[in-house]
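This report is an introduction for a reader who has not met this structure before. It is best read with the sequence and the 3D view side by side.

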Amino acid sequence: MTTSTHEHYAIDQPSSARRIMGHIEALAGPDHTSSVAAIRRYAYTSEYRRTIDYFAAAFRELGYDVWEDPLGTFVARNRPAGTPAFGLGSHCDSNRNGGKYDGTLGVVVALEVCTLAAELGLDLPLQVVSFLEEEGSGFGLMLLGSRIVAGDVTERELREVTAIDDGESLWTHAERAGHQPERWRECARVLDDLSGWLELHIEQGRVLQDTGGRIGLVEAIAGYVHADLTFTGRADHAGATPMGWRADAGLAAAETALEAERLAQRAGEGTVATVGRLELDPGLINVVPGRAWMTLDCRSPHQESFEGVARDLERYARRRAELRSLDLAWEERVTVPATQLDAQLVDRLDHSACASGTSPLRMISGAAHDTMYVAPRIPSAMVFVPCEDGISHSPQESADPRDAALGAEIMLNAIVAST
Ligand code: HGY
Ligand code: MN
Ligand code: MN
């Protein structure tokens, strides 16, 4: 990556903030979500299609070529394929209980940076990417689009993973939406010829808010393991079955959830564990649960910490299942390693932030991001902006477009210095 000295480009931040908020509000409208209670949009749905088409129209207006990879990841580029460009973007699908900003703000700010470059007459080689299915809201697999681009999937997985809504395969949904899943190996080309990568995202925590910071620079992203645990015992009459005779799947699940909390607390160093879903069958007030399904999300910036918690928890869960005469199926969905970001690019962002008159906070990201799959191939970094009270994965999510405009100025200058 070459360095170049240049004066600092100070943009009209209020004007950029207005443009950014205009896009955010437009993309929060009824055409862009399947739920009125939250922002809900994901791959191969009409609201997702309209969102991609919104960005495609905006980038075409800037004179960019736009296309989608064979599974649906969106790409906009102002240089011919095969020539270098600096990459920026995020994702515009949402959590099933999503807010206006998670992901979408990163793609909107990428559009703003491209718009600013054009307005300033900077002939920057740029490529914007909006990754498919970052949230896993359609098919239950987080970072799916960037995993496919990174080649970290198998065809079998793409043919077998099924949609949460209707149980149809991703492969079928992709074909129906006009994509070409059989060409999934070509998705790796999305990262070809990128000289660097930047993603702006809301922090989804409250460190920036609590420290009065406007800009965070991410140095590392926590790795995680996602797994499904299914305890199988025996459904019995809740009144007639003595306590000592039960094979109660629900109690083993409850014990395991509490053990996950204890193990994460013991591991410390930013290690977290979450049981986000726990379902009991038959789920009736007067029946001992014969089956319990729970999900595990365990993360840490330290690989050995989250992997250790998962390993210890599996051992614990198997012991509890044995003592309660239950079967346990422990199925791992995916493990994504903790990811270090590019120190030189972070320094460049730091320099740009100071020139923009703000002192950035260097941080670790507890949330996962598509950048985790870009970073092993391309020098990558992330810019965080605060979100109110750290609320995210919620319709209450809120962020200040002025912080995003500041982030756009910082990213623009860091890209100029990297090109
Ligand atoms: O859950 C995550 O880390 C991301 O927001 N999908
Ligand atoms: Mn996100
Ligand atoms: Mn998210």
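Which atom of ligand 1 lies 3.0 Å from a polar side-chain atom of H393? In this predicted model, the partner of that H393 side-chain atom is an oxygen atom of ligand 1. Similar pairs involve E134, whose side chain has an N or O atom 3.2 Å from a nitrogen atom of the ligand, and R299, for which the distance to an oxygen atom of the ligand is 2.6 Å. The table sets these three side by side.

| Residue | Atom of ligand 1 | Distance |
|---|---|---|
| E134 | nitrogen | 3.2 Å |
| R299 | oxygen | 2.6 Å |
| H393 | oxygen | 3.0 Å |

Taken alone, ligand 1 exposes 210 Å², and the protein buries 95% of that area. The ligand sits in the second largest pocket, and the residues around the ligand are E134, E135, M142, Q204, R299, A367, A368 and H393.

The metal site comes next. The manganese ion (ligand 2) is coordinated by H91 through NE2, by D102 through OD and by H201 through NE2, at 2.1 to 2.2 Å, and along the chain these donors follow the spacing H-x10-D-x98-H. H91 belongs to strand 3 (residues 85-91), whereas D102 lies in the loop between strand 3 and helix 3 (104-119), and the two residues are 11 residues apart. Both H91 and D102 are buried. D102 also coordinates a second ion, the manganese ion (ligand 3), which is 3.4 Å from the manganese ion (ligand 2).

Definitions and conventions:
Residues are numbered from 1 along each chain as its sequence is written. Chains are lettered from A and ligands numbered from 1 in the order in which they are written. This is a predicted model: local features need pLDDT of at least 70, side-chain atom pairs count only at pLDDT 80 or more; totals for chains, interfaces and linings use all residues. Side-chain values use heavy atoms; hydrogens and water are left out. Donors are N, O and S atoms within 2.8 Å of the metal (3.2 Å for Na, K and Ca); water is not among the atoms, so sites may look incomplete. Helices (H or I, at least four residues) and strands (E, at least two) are DSSP runs, numbered from the N terminus. Buried means under 20% relative accessible area, exposed over 50%, partly exposed in between (1.4 Å probe, protein chains only). A residue is near a molecule or strand if one of its heavy atoms lies within 4 Å of it. A polar contact is a pair of N or O atoms within 3.5 Å; within protein, one must be able to donate a hydrogen and the other to accept it, and residues adjacent in sequence count only if both atoms are side-chain atoms. Accessible areas come from the Shrake-Rupley method with a 1.4 Å probe; for residues, only the protein chains shown count as cover. On a 1 Å grid over the protein atoms alone, a cavity is a set of points where a 1.4 Å probe fits but cannot get out, and a pocket is an open set with protein on both sides within 12 Å along at least five of seven lines; lining residues have an atom within 4 Å of a point. A molecule sits in a cavity or pocket if more than half of its atoms lie within 2 Å of its grid points.
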